[in-house]
Amino acid sequence: MAKLFRAAIMGPPGSGKGTICKRIAQSFDLQYLSSGHYLRESIAANTEAGVLVRTYVERSMMVPDHVMTGLMLPRLEQLISQSWLLDGFPRTLSQARALNSLCQLDLVISLNIPYETLRERLSDRWVHAASGRVYNLGFNPPQVKGKDDVTGEALIQHDDDKPEALLSRLRYYKDVAKPVMDLYKSQGILHAVSGTETDKIWPYINSLLSAKMHIQPSGAFQTQTPP
Ligand code: G5P
Ligand code: MG
């Protein structure tokens, strides 16, 4: 049976988690789960949890751990026999411990991107609210200005991409991410990647994943065998 592979991408708002996860998903045929996407989905569905989640996300605040694990862990339990990639979860030590009790990650990539780069990127960012598709006016603009490529519906800008909200999100991110990174460092699975451009970071991440997943030229997974 093929070896399962579980990875997570950590990084501050706008660091390129979503962009890189899409590339990984396409190149390595890995299912990816984005915490932000599921939060926006629950807000759009206007469920009881969604109403609560909205009050945090609209104020650029972290959603409480029990809500976040309640959203993510049942989905991961359903994927217990599959390989996957997490975007934006876990983000706190409590979330990381809850995830650890379900399964052990094989690889955690932490994106280390300078603040100025993040600020420039997010002020140019537009999203399609219903699907979560993300565009950047400079990096990957929509085919028609202001419209989603697939549905043609209007794109919107998140309130939490405004500069003052971004600065507080970044400060908070650093504080809560540190113990999570320490945990994964102690497990020997943390790889930090620094840079200002996704296209330059990508070849490194691509090689890292190829090595970790033991990909054969056909793209099939290979289980690790002792020498
Ligand atoms: P999200 O949705 O996970 P964030 O804030 O963590 O939101 P975000 O904003 O989605 O992260 P990202 O995914 O790291 O950013 O980055 P991205 O979207 O791929 O890239 C950012 C922009 O830069 C895009 O426009 C992209 O096209 C562009 N770009 C990428 N690479 C380049 C490049 O090389 N050059 C240029 N010029 N542009 C580039 O979570 C939303 C909220 O939900 C809550 C929090 O409140 C959060 O604020 N939340 C949680 N709360 C608690 N626990 C959790 N685990 C939570 N997860 C989410
Ligand atoms: Mg994202």
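The following dialogue examines the nonpolar cores and helix 2 of a predicted model.

In this predicted model, local features need pLDDT of at least 70, side-chain atom pairs count only at pLDDT 80 or more, and totals for chains, interfaces and linings use all residues. Residues are numbered from 1 along each chain as its sequence is written, and side-chain values use heavy atoms, with hydrogens and water left out.

Student: Which element gives the largest share of the largest nonpolar core?

Tutor: A nonpolar core is a set of buried Ala, Val, Leu, Ile, Met, Phe, Trp, Tyr and Cys residues joined through side-chain atoms within 4.5 Å, where buried means under 20% relative accessible area and exposed over 50%, partly exposed in between (1.4 Å probe, protein chains only). The largest has 31 residues, and Leu 33, Trp 84 and Leu 86 are among those touching the most other members. Elements giving two or more residues include strand 1 (6-10), helix 2 (35-45) and helix 4 (65-78); helices (H or I, at least four residues) and strands (E, at least two) are DSSP runs, numbered from the N terminus. Six residues, the largest share, come from helix 4.

Student: Why do the buried residues of helix 2 lie on the same side?

Tutor: The buried residues are Ser 35, Gly 36, Tyr 38, Leu 39, Ser 42 and Ile 43. They share one side of helix 2 because the arc they cover around the axis, taken from the directions from the helix axis to the C-beta atoms, is only 165°.

Student: Which elements do these buried residues pack against?

Tutor: The face turned away from the buried side carries the exposed Ala 44 and Ala 45. By contact (heavy atoms within 4.5 Å), the buried residues of helix 2 pack against strand 2 (31-34), helix 3, helix 4 and strand 3.

Technical notes:
Chains are lettered from A and ligands numbered from 1 in the order in which they are written.
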